[in-house]
Amino acid sequence: MSTNATKILLVEDQETAATYIAKGLREEGFVVDVAHNGPDGLHYFLTEEYSLAILDIMLPGIDGLTILETAKKANRKSAVLFLTARDGVEDRVRGLELGADDYLVKPFAFAELLARIRALLRRCSPIITAETDLIVGDLTLNLLTHQASRAGKIIELTPKEFALLQLFMRRKGEVLTRTVLAEQLWGISFDCDTNVVDVAVSRLRIKIDADATQKLIHTQRGVGYVLKAEG
């Protein structure tokens, strides 16, 4: 398992639905790549490493079943969940026979989608579940409870703060630009002219560093931010 956050590919041609799903997953700490058509989805699937791919079946260009079939022939190991309006038994059977790990019919509840994703990741990526705590210095983040603590003192986090801190801790020592943070946490269509990244980091920094002698979140002037324990 790499030190990066769990990465999910979402191939969904309905932009409103894709935005809703991606936003919810990012708030849960996942890194999400989104494709709105079959060719782009297949390209992502074959060139990037994902723990899970969420595929619609009816897509422009290349349908989801063909994406899955091609990916399996290319020996891609990602777990696959079909998220589709096609609820026929034949569709479900074909999807599962091609190698899909789960099948969820639209409309759906996001809570159910999230529960199925977590179940698939536990089943298909046992190493992921073995990692329950991220630790940098005296800062600990529990991935199951979403609770942070510093020197034993509990720190309450919002979902966005949890996702931001998880990204910082998984990539500790690496300067993350505002653009990277915006893409990872707010989506690729994020307007980088706003100061939402700086505001979010500032609020997290207050919670993490305000009462600590050793500061963990540092500003790389003109570039971005880095989390590291110095000394």
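Which residue in E9 is the bridge partner of Ser-149? In this model, which is a predicted one, the partner of Ser-149 in E9 is Ile-154, and I would like to start from that pair and work outwards. Strand E9, residues 153-155, pairs with E8 in the antiparallel sense over three bridges, and in the hairpin that the two strands make, with two residues between them, Ala-151 takes a positive phi near 50°.

On its other pairing, E8, which covers residues 147-150, is joined to E7 by four bridges, and these two strands also run antiparallel. Here Ala-148 in E8 is the bridge partner of Leu-141, while the turn of this hairpin, with four residues between E7 and E8, holds His-146, whose phi is positive at about 60°.

Leu-141 takes us to the largest nonpolar core, which has 28 residues and in which Leu-141, Leu-165, Phe-168, Leu-181 and Leu-227 have the most contacts. Several elements each supply at least two residues of this core, among them strand E7, helix H8 and helix H9, but the largest share, seven residues, comes from H7. If we look at Phe-168 and leave aside its neighbours within four places in sequence, its contacts include Leu-181, Val-201 and Leu-227.

Finally, let us turn to two of those helices, H8 and H9, which pack at an angle of about 85° with their axes 10 Å apart, so that H8 is roughly perpendicular to H9. Residues of H8 including Leu-181 and Trp-186 meet residues of H9 including Val-197 and Val-201, and the residues of this contact divide into seven nonpolar, no polar and two charged.

Definitions and conventions: Residues are numbered from 1 along each chain as its sequence is written. This is a predicted model: local features need pLDDT of at least 70, side-chain atom pairs count only at pLDDT 80 or more; totals for chains, interfaces and linings use all residues. Side-chain values use heavy atoms; hydrogens and water are left out. A nonpolar core is a set of buried Ala, Val, Leu, Ile, Met, Phe, Trp, Tyr and Cys residues joined through side-chain atoms within 4.5 Å. Buried means under 20% relative accessible area, exposed over 50%, partly exposed in between (1.4 Å probe, protein chains only). Contact means heavy atoms within 4.5 Å. Axes are lines fitted to C-alpha atoms, for helices over the stretch in contact, and angles run from 0 to 180 degrees between N-to-C directions. Angles under 35 degrees count as roughly parallel, over 145 as roughly antiparallel, 65 to 115 as roughly perpendicular and the rest as oblique. Ala, Val, Leu, Ile, Met, Phe, Trp, Tyr, Cys and Pro count as nonpolar, Asp, Glu, Lys and Arg as charged, and the others, Gly among them, as polar. Two strands pair if DSSP finds at least two bridges between them.
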